[in-house]
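Student: Before we look at individual residues, could you show me how to read the overall architecture of a chain and then work inward?
Tutor: Gladly; let us put the model in view and begin with its contacts.

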Amino acid sequence: MTHSIEKLEEIIRRDGERSISIHQPTTLVLKPNARNFTDEQMEAYFARDFKSRLFITSANITSNTVFLRSKFSDNHPHASHLNPLRDFMKATHSTYNYTAAKTNCTVLLSMCFQANESTSSCSMSKYYSFAVTVASALSNMGEGTGFEICPAMVMDEKEVELSRQKFCLLMHIIFSKMAMYRFLVNEDGSNTYRISHCRMKET
């Protein structure tokens, strides 16, 4: 079932402050074209910091389950496909469906590898956008990541810190594989590992 953006506002107002420990914007900006703010709201808007955050829900809201919260919006548009992050987290932390977890891990790795191998600057930009966005949310042991508090996502407010740690570990799997990939094969296509460590020439 797909929900409207009003559902996201309801969830963030209910769970946003409980599931994130750093400064929460007091003025939600979910519809960029509808900024009819009062003077007080405008002052709060300009007081928002520049740190990017992720908010992960169990609900499908306008076909999204992961939302980028930025200086300018709590529903910031992004080119990267972030939904597999939620599916990966949900499968390992909430439903314990390890088949689904492996599937979503594969989806994320495939997305990163394909973007990295592509000669298209657009695809590379998509990878860097994904990596930087997620890195910001993971900083300080996931401090920039918030969750909907419900049985299908994070059961209880007391589990939020543990959920952040698990999310960091899951993302470490993705980025460590990317780092290994970039180490083993350099941009010219030579096998750096074999040349440097196995003392074998490239074939």
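**Reading the fold**

Tutor: Among contacts in the chain between residues at least 6 apart in sequence, 59% join residues at least 24 apart. Please keep in mind throughout that this is a predicted model.

Student: How many helices and strands are there in the chain, and in what order do the elements run from the N terminus on?

Tutor: The chain has 7 helices and 4 strands, and, read from the N terminus, its elements follow the order β-α-α-β-β-α-α-α-β-α-α. Of its 203 residues, 42% count as buried, while the accessible surface comes to about 11300 Å², with 54% of that belonging to carbon and sulfur atoms.

Student: Let us take the strands next. Which strands pair with β2, and in which sense?

Tutor: Strand β1 (residues 2-3) pairs with β2 in the parallel sense over 2 bridges, and Thr2 has Asn60 of β2 as its bridge partner. With β3 the arrangement is antiparallel, 5 bridges joining β2 to β3, and here the bridge partner of Ile61 is Asn64 in β3. The hairpin of β2 and β3 has 2 residues between the strands, and in it Thr62 takes a positive phi near 50 degrees. Strand β4 (residues 145-147) pairs with β2 in the parallel sense over 3 bridges, with Ile56 standing opposite Phe147 in β4.

Student: Is β2 mostly covered or mostly exposed?

Tutor: As a general idea, in a regular strand the side chains alternate between the two faces of the sheet. In this model β2 is mostly covered, since 8 of its 9 residues are buried.

Student: How should I read the nonpolar interior, and which residues of the largest nonpolar core touch the most other members?

Tutor: The general idea is that, in soluble globular proteins, nonpolar side chains tend to be buried together. Here the largest nonpolar core has 33 residues, and those touching the most other members are Leu85, Phe88, Leu108, Phe130, Phe167, Met171 and Ile174. The elements that give two or more residues to this core are β2 (53-61), β3 (64-69), α3 (83-93), α4 (98-117), α5 (121-142) and α6 (160-184), and α6 gives the most, with 7 residues. Leu85 illustrates the packing: setting aside residues up to four places away in sequence, Leu85 touches Leu54, Val66, Leu108, Phe130, Val134, Phe167 and Met171. There is also a second, separate core of 8 residues, which includes Leu8, Ile11, Phe55 and Ile61.

Student: Where does Leu8 lie, and why does Leu8 count as buried?

Tutor: Leu8 lies in helix α1 (residues 5-15), and Leu8 counts as buried because its relative accessible area is 0%, where the cut-off is under 20%. The C-alpha atoms of Leu8 and Thr57 are separated by 8.4 Å, although these residues are 49 residues apart along the chain.

Student: Let me try a polar residue. Is His93 buried or exposed, and what is in contact with His93?

Tutor: His93, whose place is in helix α3, is buried, because its relative accessible area of 6% falls under the 20% cut-off. Leaving aside neighbours within four places in sequence, His93 is in contact with Met153, Val154, Glu159, Ser163 and Lys166. His93 and Val154 are 61 residues apart in sequence, yet 8.0 Å apart in space, C-alpha to C-alpha. The side chain of His93 also makes a polar contact with the side chain of Ser163, at 3.0 Å.

Notes: Residues are numbered from 1 along each chain as its sequence is written. This is a predicted model: local features need pLDDT of at least 70, side-chain atom pairs count only at pLDDT 80 or more; totals for chains, interfaces and linings use all residues. Side-chain values use heavy atoms; hydrogens and water are left out. A nonpolar core is a set of buried Ala, Val, Leu, Ile, Met, Phe, Trp, Tyr and Cys residues joined through side-chain atoms within 4.5 Å. Buried means under 20% relative accessible area, exposed over 50%, partly exposed in between (1.4 Å probe, protein chains only). Contact means heavy atoms within 4.5 Å. Two strands pair if DSSP finds at least two bridges between them. Accessible areas come from the Shrake-Rupley method with a 1.4 Å probe; for residues, only the protein chains shown count as cover. A polar contact is a pair of N or O atoms within 3.5 Å; within protein, one must be able to donate a hydrogen and the other to accept it, and residues adjacent in sequence count only if both atoms are side-chain atoms.
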